[in-house]
Amino acid sequence: MGEVTAVLSNSTAQANLDVFSSTLQTLAETDRNLLVVTSDSRGSGKLVPFAQKFPKQLVEIGIAEQNLVGVAAGLASTGKNVFAVSPACFLTARSFEQIKTDVAYSNNPVRLVGISAGVSYGALGSTHHSLHDFAALRAVNNLTIVVPADNFETEQAIRQAAQSATPVYLRFGKKPMPLLSDENRDFTFGKGRIIQEGDDVVLIATGETVYPALQASRQLETVHGIHAMVISMHTIKPLDYELLANVASKGCPILTVEEHSVFGGLGEACASFLLQNGFRNRFKIMGIPDEYTVTGSQVEIMNHYGLSENGIANEVLTIL
Amino acid sequence: MNVNELAQKSVQYRRNILKYIVKAKAGHTGGSLSCIDILNVLYNNVLNVSPETFGSPNRDRYVQSKGHTVEALYVVLADKGFFPESDLETLCQYKSHYIGHPTRKVAGVEQNTGSLGHGLSLSVGTALSAKLDDLTYRVFTLLGDGELPEGSNWEAALLASHYKLDNLCAIVDKNGLQIAGPTAEVCNTDPLDQKFEAFGWAVRHVDGHDFQALTEAFDALPFEPGKPSLIIAHTVKGKGVSFMENQVKWHHGVPNAEQYQQALAELTPELADSL
C-alpha cells in the first residue's frame with residue numbers, strides 16, 4: 001500500500017545541507033561579504049568544501065553557541081552577510097537569549113541556520129533534538145522562521161535569506177529531500193506552497209513532514225478516493241494567513257503535520273488564526289506529543305508518532 | 001580635552017545623570033556615577049565618532065555591555081550632539097526611546113544591550129570584521145565587574161585572543177558592588193588580571209576616576225600587538241556624591257528632593273578640582 005507514483009524520482013534527492021553548502025559557495029563567488037560562522041559544525045553542516053574554497057569567509061568560533069550568535073550579530077552589524085550555523089538543538093536553546101537580544105531586538109540581520117533539526121539526530125537522544133524551536137522563536141519579534149521541504153525550497157530559502165534586511169532562522173533536516181513538485185516553482189517567504197490540490201481534506205505540513213504528507217495523499221486517493229490538498233508551509237512566521245483563510249473557507253477538515261512539539265508550533269499557529277477568524281473546520285495537530293520522546297532513529301521516532309505516510313493517512317480517515 | 005576640561009565635564013555629566021534620574025524616578029545611579037569618567041574620556045578624547053561620522057564604516061565603536069548604566073551614556077551622547085539634551089526629559093516615559101537600557105533607536109547607540117554578558121561577544125564580532133576588511137577602527141566595550149560571572153564573557157574572551165584582536169579594548173568598571181553586596185562576596189572574580197592574562201589578553205589597571213591615567217591607558221592601546229586589551233578601571237560606586245559612594249543601596253536608588261539638592265550642592269565646579 002502507498003506506492004507513490006506521481007512524486008518525482010528520488011534518485012537526485014540531496015540532503016538539505018548539501019544544497020546549503022553548494023548554494024553558499026555559489027553566493028560567495030560574488031559576495032565577499034558573505035561569511036559562514038560555525039561552532040565546530042563545519043563537518044556536520046557539510047561546509048568543509050566551502051571552507052576549502054573560501055577559507056577567509058569561514059569563521060570558526062569553537063563550541064560556544066552563545067558566543068557564536070553574539071559574534072555573528074557583531075559581524076552583521078558591520079554589514080557582513082552572516083550565516084551562523086550550528087545544530088538547531090543548541091543554536092535555538094543555548095543561545096536563545098543572544099537570538100532574542102543581539103539578533104532580533106538589535107535587528108542585526110544574521111541568517112541563523114539550525115542544522116539536523118527536529119529529531120534528525122534520532123538515537124542521540126533529546127539533548128540533540130529540537131522540538132522546541134518553533135515555539136520559542138515564534139515568540140521573538142523580528143525573526144522570520146523558514147523550514148524548507150525539498151532541495152528547491154532549500155536553495156530558494158538560502159538565496160532569499162541572503163537578501164533579507166531582517167533576521168531569519170532557517171531550519172534544516174539531515175536526510176535527502178525528494179523533490180515535491182516540478183510544477184509549482186513559486187517560493188517566497190511568508191507564502192505557503194500548494195504542492196497538490198484537493199477538496200476533501202487539507203494537509204498543512206512543513207519541512208521533512210511534507211513528503212510523507214504527500215505520500216499519504218497519494219495513498220488516500222488511490223485506496224480511498226479521498227482528495228487531499230497538500231501545502232508546504234515553509235514559513236512558520238510570518239504565517240500565510242491568506243492561504244489559510246482560503247483553504248479553510250472550503251470547510252473541509254485540516255490536519256497540520258510537523259516534526260516539532262505539538263505545543264507552540266505550526267499547528268497551534270494555524271489553530272490560533274483559524275479560531276480567531278471564525279473558522280470552525282475540524283482540526284488536528286500532528287507532531288511530537290509532550291512526553292519523553294521515544295528512543296530510536298529519526299524514521300522510527302517519526303513512525304512511532306504517526307508522522308509517516310501511513311500515520312498521516314490513518315489520521316485523515318479518523319478525522320473525516 | 002585636557003584634564004581640567006574633562007574634570008569640569010564630569011561634574012556637569014554627574015549633575016545631568018542625577019537630574020534625569022530624578023525626573024524619571026528611575027535609573028542606575030551608583031553605576032552611572034562610577035563609569036561616567038571612563039565615558040567622558042572615551043567620547044571626548046579617544047573615539048573617532050561623532051553624529052556626522054556615525055554612519056562611517058571605519059568609525060570606532062563603543063558597546064556598553066553594562067547597559068543598565070545607560071544614563072551615563074545618554075548624557076554623554078547628548079553632550080556630543082547626537083540628540084538634544086531635552087530629549088532626556090522623556091527618560092523612561094511612555095513611548096520614549098530613552099528607556100532604561102541602550103537601544104539603537106537612540107542616536108549614537110551601537111547595540112541594544114541590557115542583558116548582561118552580551119557586549120563582549122558583540123564587540124568581538126565587530127572587531128573581527130575590521131580585521132577581515134583591513135579597516136583601522138577600534139572597538140571598546142564597557143563591562144561591569146558584577147556581570148563577569150556570565151559565561152558568555154569568557155567564551156568571547158577566549159575567541160578575542162584566538163583571533164588576536166588587538167583592535168579590541170574591554171574596560172571593566174570595577175566598582176566592587178552589585179545588588180546583593182560586594183562583588184567579592186557574591187562571586188569573586190579576582191584576580192581578574194591573571195584570569196584575563198591566562199586567556200591571552202594584555203591587562204592594565206587604572207584609577208577609573210583619574211583622567212590622566214585613563215587617557216594614558218587609552219593612548220597606549222594596544223597594550224601588546226596581537227592581543228586584545230583589558231583595562232581594569234578601579235572605580236567608586238556613586239562617585240562624586242558623598243552619601244552615595246560605596247553604598248549598595250544606590251545601585252538603583254533614586255534621590256528624593258532633599259537628597260538631590262544635597263548632591264547638587266556637592267557637584268560644583270570646585271569638585272572638579274578634586275577629581
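# Report on a predicted two-chain model

In residues 18–256 of chain B, the C-alpha atoms at the two ends lie 11 Å apart, and this span is 34% helix and 14% strand. The model is a predicted one. The span corresponds to an annotation in UniProt, where an unreviewed entry lists residues 18–256 of chain B as "domain: Transketolase N-terminal".

## The sheet of chain B

Chain B holds an open sheet of five strands, ordered β1-β2-β3-β7-β6, with parallel pairing. Its edge strands are β1 (61–64) and β6 (202–207) of chain B, each of which pairs on one side only. On average, neighbouring strands of this sheet are turned by 20° against each other, direction ignored.

At the edge, β1(B) runs parallel to strand β2 (residues 139–144) of chain B, and four bridges join the two. Within this pairing, Val63(B) stands opposite Thr141(B) in β2(B). Are the faces of β1(B) covered or uncovered? Both are covered: Arg61(B) and Val63(B) on one side, and Tyr62(B) and Gln64(B) on the other, are all buried. Elsewhere in the sheet, strand β3 (residues 168–174) of chain B pairs with strand β7 (residues 229–234) of chain B in the parallel sense over six bridges. There, Lys174(B) stands opposite His234(B) in β7(B).

## The domains and sheet of chain A

Chain A is divided into domain 1 (14–177) and domain 2 (193–319). The C-alpha centres of these two domains of chain A lie 26 Å apart. Contact between them involves 23 residues of domain 1 of chain A and 27 residues of domain 2 of chain A. On the side of domain 1 of chain A that touches domain 2 of chain A, α6, β6 (144–146) and α7 (151–163) of chain A each supply at least two residues.

Chain A also has an open sheet of five strands, in the order β9-β11-β10-β13-β14, and here the pairing is mixed. Strands β9 (193–196) and β14 (283–288) of chain A each have a single partner strand, so one side of each is left without a neighbour in the sheet. Neighbouring strands of this sheet are turned by 25° against each other on average, direction ignored. The edge strand β9(A) pairs with strand β11 (residues 228–232) of chain A in the antiparallel sense, over three bridges. In β11(A), Ser232(A) is the bridge partner of Arg193(A).

## The nonpolar core and the chain contact

In soluble globular proteins, nonpolar side chains tend to be buried together. In this model, the largest nonpolar core has 174 residues, and those with the most contacts inside it are Val37(A), Ala72(A), Ala84(A), Leu112(A), Leu203(A), Val124(B) and Ile171(B). From chain A, the core draws at least three residues from each of domain 1 (14–177) and domain 2 (193–319).

Which residues does Ala72(A) touch? Leaving aside residues up to four places away in sequence, Ala72(A) touches Val37(A), Val82(A), Ala84(A) and Val110(A), as well as Gly125(B).

The contact of the two chains takes 18 residues from chain B and 22 residues from chain A. On the side of chain B that touches chain A, the elements giving two or more residues are α4 (119–133) and α5 (151–162) of chain B. The largest share of that side, eight residues, comes from α4(B).

## Backbone features in loops

Most residues other than glycine have a negative phi, and most peptide bonds are trans. The following table lists four departures from these tendencies.

| Site | Backbone feature | Value |
|---|---|---|
| Lys237(A) to Pro238(A) | cis peptide bond | omega near 0° |
| Asp190(B) to Pro191(B) | cis peptide bond | omega near -5° |
| Asn107(A) | positive phi, not a glycine | about 50° |
| Ser116(A) | positive phi, not a glycine | near 50° |

Pro238(A) is placed in the loop between β12 (235–237) and α9 (241–248) of chain A. In chain B, Pro191(B) lies in the loop between α6 (183–186) and α7 (192–198).

Asn107(A) belongs to the loop between α5 (96–105) and β5 (111–115) of chain A, whereas Ser116(A) is in the loop between β5 and α6 (133–138) of chain A. Asn107(A) counts as partly exposed because it has 17 C-beta neighbours inside 10 Å. Ser116(A) is buried, since 28 other C-beta atoms lie within 10 Å.

How values were computed: Residues are numbered from 1 along each chain as its sequence is written. Chains are lettered from A and ligands numbered from 1 in the order in which they are written. This is a predicted model: local features need pLDDT of at least 70, side-chain atom pairs count only at pLDDT 80 or more; totals for chains, interfaces and linings use all residues. UniProt positions are given in the numbering used here, feature names are shortened, and annotations may be inferred rather than shown by experiment. A nonpolar core is a set of buried Ala, Val, Leu, Ile, Met, Phe, Trp, Tyr and Cys residues joined through C-beta atoms within 7 Å. A residue is buried if 20 or more other C-beta atoms lie within 10 Å of its own, exposed if 12 or fewer, and partly exposed in between; C-beta atoms are placed from the backbone. Domain bounds come from an automatic or database domain assignment. Two residues are in contact if their C-beta atoms, placed from the backbone, lie within 7 Å. Two strands pair if DSSP finds at least two bridges between them. Axes are lines fitted to C-alpha atoms, for helices over the stretch in contact, and angles run from 0 to 180 degrees between N-to-C directions.
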